[in-house]
Amino acid sequence: MIPFVRENMAPLMFGGMVLFMLIGFPAAFSLAATGLFFGFIGIELGLIQPDFLGNLTYQLFGIVSNDLLLAIPFFTLMGAILERCGLAEDLLDSIGQLFGPVRGGLSYAVIFVGAILGAITGTVAASVIAMGVISMTPMLKYGYSTRHTMGVIAASGTITQLIPPSLVLIVLADQLGRSVGDMYAGAIGPSIIQVALFCIWVFILSIFWPKDVPALPEEARTLQGWQLWKRCLWGIVPSLGLIFLVLGTIFMGLATPTEAGALGVVGAIALAASYRTLTWKLLYQGMSTTMRITAMVVYILIGARTFSLIFQGVGGKVWIEDLLIALPGGQIGFLLFVNAFIFVIAFFLDFFEIAFIIIPLLAPVADKLGIDLIWFGVLICANVQTSFMHPPFGFALFYLRGIAPPSIKTSEIYWGAIPWVVLQVILVLIVILWPGSVTYWIDRSTRIDPSKVKIEIEQPELPPPLQLGPLPQSQ
Amino acid sequence: MEPLLKLSRAIDFINDRFGEVANWLVLLACLISAGNAMSRYAFSLSSNAWLEVQWYMFAGMVMLGAPHTLRLNEHVRVDLLFSSVSERTRIGIDILGIIFFLFPICIILMYFTWPWFVESWHIQEMSSNAGGLIRWPVKLVLPVGFALMALQGVSELIKRIEALIHHHRLQFEYEKPLQ
């Protein structure tokens with residue numbers, strides 16, 4: 001028994017993690033508990049040294065002193081403010097009228113506004129809620145099919161995930177040890193492909209099933225000519241300003257991603273003030289949600305680091321490597337397997353759990369197989385995006401259920417999402433088979449590494465000096 | 001049971017106050033970061049102290065805010081099974097989880113982080129960056145955060161045992177957190 005445990009400690013620990021997580025206690029604690037539980041078994045079996053656990057302190061300190069993780073609260077706060085400031089409503093109203101006369105016009109409008117909001121903020125919830133509330137009613141009123149309406153809103157809300165300055169990309173860059181700027185540059189190509197795929201699908205619908213996506217009737221087009229253009233500009237100009245403030249400063253090397261997030265918050269507050277929607281309550285609610293999300297996410301990271309420290313201590317890294325390198329098909333085989341795995345696991349785990357638990361296990365193997373980690377990261381990001389859409393646990397669908405009128409059946413929301421999940425899988429396949437879609441933009445981007453723009457580069461924390469006993473007395 | 005419930009309410013009160021502090025740290029850290037970025041370009045003015053205070057605040061918002069988040073039941077779960085079992089089973093899972101997962105973790109992490117703070121306090125450790133800040137406050141926030149989390153665990157445990165005995169529903173049911 002004991003030799004068996006000693007030999008198979010890594011797989012046992014992995015199984016233990018799955019078991020502990022399935023119980024349903026908050027994941028952060030389940031993960032840490034798996035780590036410590038197996039840590040003590042490991043010490044008993046002599047697999048790891050007792051003071052190995054002391055490394056935990058350094059891991060914890062590394063988490064709280066990580067400058068990049070500060071981007072999580074900043075981008076979340078920015079999203080929370082923008083969500084309710086009225087920008088999305090303005091954009092949708094004007095762009096909807098602009099595209100209205102075309103078949104499927106409102107769908108195109110929702111996709112474009114999703115992309116614009118995606119280029120401004122980095123979080124998903126914000127845009128889905130905002131868009132859902134405003135676009136659902138007119139779409140249903142003017143005869144768009146319920147399924148299509150639900151699908152296009154959910155899908156467009158998740159575009160934010162892939163389009164820089166996505167929070168997901170920041171976290172992945174941190175986990176993969178790559179620069180955020182390169183990660184953003186790499187995501188540009190797939191983002192464009194994604195928006196194109198979505199539009200092509202609406203176009204196909206408008207040709208084969210025109211009844212699902214009718215053009216706006218004459219009486220719904222209240223704005224004409226110059227008036228209409230003015231409204232559009234009124235919505236788009238502030239958006240471009242915000243995009244510059246956040247993305248522009250990152251790409252030009254003026255600010256770190258974290259600082260860009262903070263500048264974005266200031267911009268969002270200014271925008272809300274100009275829309276006269278800035279209230280103390282809105283701001284404080286934003287702060288409060290942001291704090292809770294940040295605390296929740298970082299606690300998962302604490303749990304995940306505890307787990308992976310011990311997991312590596314008992315030889316988990318070697319085990320995973322042996323397992324995955326043995327896969328047939330080299331790079332492509334590995335990527336197909338990993339993406340299928342993440343697609344499935346995303347039904348059960350949320351993005352941060354995947355990023356903090358699964359990615360650190362996969363990244364070294366990918367690196368060893370000669371896979372460009374930026375390509376890998378963007379791929380994972382596009383893949384994880386499906387987890388926001390696929391029934392029944394997808395976040396976007398969950399929100400939609402919350403705001404959709406009760407007359408809409410949950411099954412229609414689920415059915416509506418499926419074509420868009422398929423489109424997303426097509427995107428993942430395109431990116432796997434055509435790495436150039438990612439690398440093309442990296443080569444073109446400035447060679448400045450935005451995460452190192454700082455004038456003073458912070459030194460890594462040095463371990464405290466050793467406590468040596470008094471020097472032996474010289475004779 | 002009544003004295004215990006009083007204790008639970010007292011703990012909730014304390015951690016709600018820390019939660020408010022954490023809320024403020026979000027906005028403060030944000031303004032400092034934006035201000036620092038702007039002043040660097042406008043006046044070429046920036047300092048390591050301002051950079052470091054941002055992640056001190058980050059540590060604060062996480063460690064001091066997490067217990068309040070636990071009270072609101074907003075730590076994410078893998079709810080594959082959890083969402084399909086009865087309310088009483090869920091309470092049972094939470095009770096066991098608090099006793100066997102949450103308490104040991106908080107205690108062990110306190111055990112590891114506390115001596116670190118004491119050490120840093122004794123030698124008055126300074127940041128290794130020029131013009132950096134003194135280190136002990138951020139090292140103190142770790143064990144304090146875990147202690148507050150353990151306290152909140154006590155409060156949640158009391159509330160759940162009470163709910164189990166008196167067939168109450170919990171005030172904060174679990175919902176997937178927004179993201």
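## Ground rules

Helices are DSSP runs of H or I with at least four residues, strands are runs of E with at least two, and both are numbered from the N terminus. By that rule, Ala27(A) is found in helix α3 of chain A, which covers residues 27-44.

This is a predicted model, where local features need pLDDT of at least 70, side-chain atom pairs count only at pLDDT 80 or more, and totals for chains, interfaces and linings use all residues. Residues are numbered from 1 along each chain as its sequence is written, chains are lettered from A and ligands numbered from 1 in the order written, and side-chain values use heavy atoms, without hydrogens or water.

## Chain A as a whole

Chain A has 21 helices. Its strand count is 0. The chain holds 475 residues, and 59% of them count as buried (under 20% relative accessible area; over 50% is exposed, and in between is partly exposed; 1.4 Å probe, protein chains only).

About 18,400 Å² of chain A is exposed (Shrake-Rupley method, 1.4 Å probe). Carbon and sulfur atoms supply 68% of that area.

How far apart in sequence are the residues that touch? Take the contacts in chain A (heavy atoms within 4.5 Å) between residues at least 6 apart in sequence. Of these, 80% join residues at least 24 apart.

## Two helices of chain A

Two packed helices are described by the angle between their axes and the distance between the axes. Axes are lines fitted to C-alpha atoms, for helices over the stretch in contact, and angles run from 0 to 180 degrees between N-to-C directions.

Look at helix α7 (residues 105-120) and helix α11 (residues 180-208), both of chain A. Their axes come within 10 Å and cross at roughly 170°. That makes α7(A) roughly antiparallel to α11(A) (over 145 degrees; under 35 is roughly parallel, 65 to 115 roughly perpendicular, the rest oblique). On the α7(A) side, the contact uses Ser107(A), Tyr108(A), Ile111(A), Phe112(A) and Ala115(A). On the α11(A) side, it uses Val195(A), Phe198(A), Cys199(A), Val202(A) and Phe203(A). The residues of this contact divide into 9 nonpolar, 1 polar and no charged (nonpolar: Ala, Val, Leu, Ile, Met, Phe, Trp, Tyr, Cys and Pro; charged: Asp, Glu, Lys and Arg; polar: the others, Gly among them).

## Cysteines

Cys199(A) belongs to that contact. Cys199(A) is also buried, at 15% relative accessible area. Why does Cys199(A) form no bond to Cys232(A)? The sulfur of Cys232(A) is the closest cysteine sulfur, but it is 16 Å away, too far for a bond.

Across all chains, the search finds 0 disulfides (pairs of cysteine sulfur atoms within 2.5 Å). In chain B, Cys106(B) counts as buried, at 1% relative accessibility.

## Where chain A meets chain B

Helix α4 of chain A (residues 55-64) packs on α5(B). The angle is about 110°, and the axes are 11 Å apart. That makes α4(A) roughly perpendicular to α5(B). Leu60(A), Phe61(A) and Val64(A) meet Val138(B), Lys139(B), Leu142(B) and Phe146(B). The residues divide into 6 nonpolar, no polar and 1 charged.

Some buried residues of chain A also touch chain B. Ala27(A) has a relative accessible area of 0% and is buried. Leaving out residues up to four places away in sequence, Ala27(A) touches Met21(A), Glu353(A), Val76(B) and Arg77(B). Thr294(A) lies in helix α14 (residues 280-313) of chain A. Thr294(A) is buried too, at 0%. With the same residues left out, Thr294(A) touches Ile72(A), Pro73(A), Phe58(B), Met61(B) and Val62(B).

## A buried threonine in α9

Thr149(A) lies in helix α9 of chain A. Is Thr149(A) buried or exposed? Thr149(A) is buried, with a relative accessible area of 0%. Not counting residues up to four places away in sequence, Thr149(A) touches Met136(A), Met139(A), Leu140(A) and Tyr144(A). Met136(A) is 109 residues from Ala27(A) along the chain, and their C-alpha atoms are separated by 34 Å.

## Backbone exceptions

Most residues other than glycine have a negative phi, and most peptide bonds are trans. Which residues does a cis peptide bond join in chain A? Pro164(A) and Pro165(A), with omega at about 5°. Pro165(A) sits in the loop between α9 (146-158) and α10 (167-176) of chain A.

Chain B has positive phi angles at residues that are not glycine. Asn73(B) has a phi of about 60°. Asn73(B) is in the loop between α2 (48-71) and α3 (79-82) of chain B, and counts as buried at 7% relative accessibility. Gln124(B) has a positive phi of about 50°. Gln124(B) is in the loop between α4 (87-122) and α5 (136-166) of chain B. Gln124(B) is partly exposed, at 40%.
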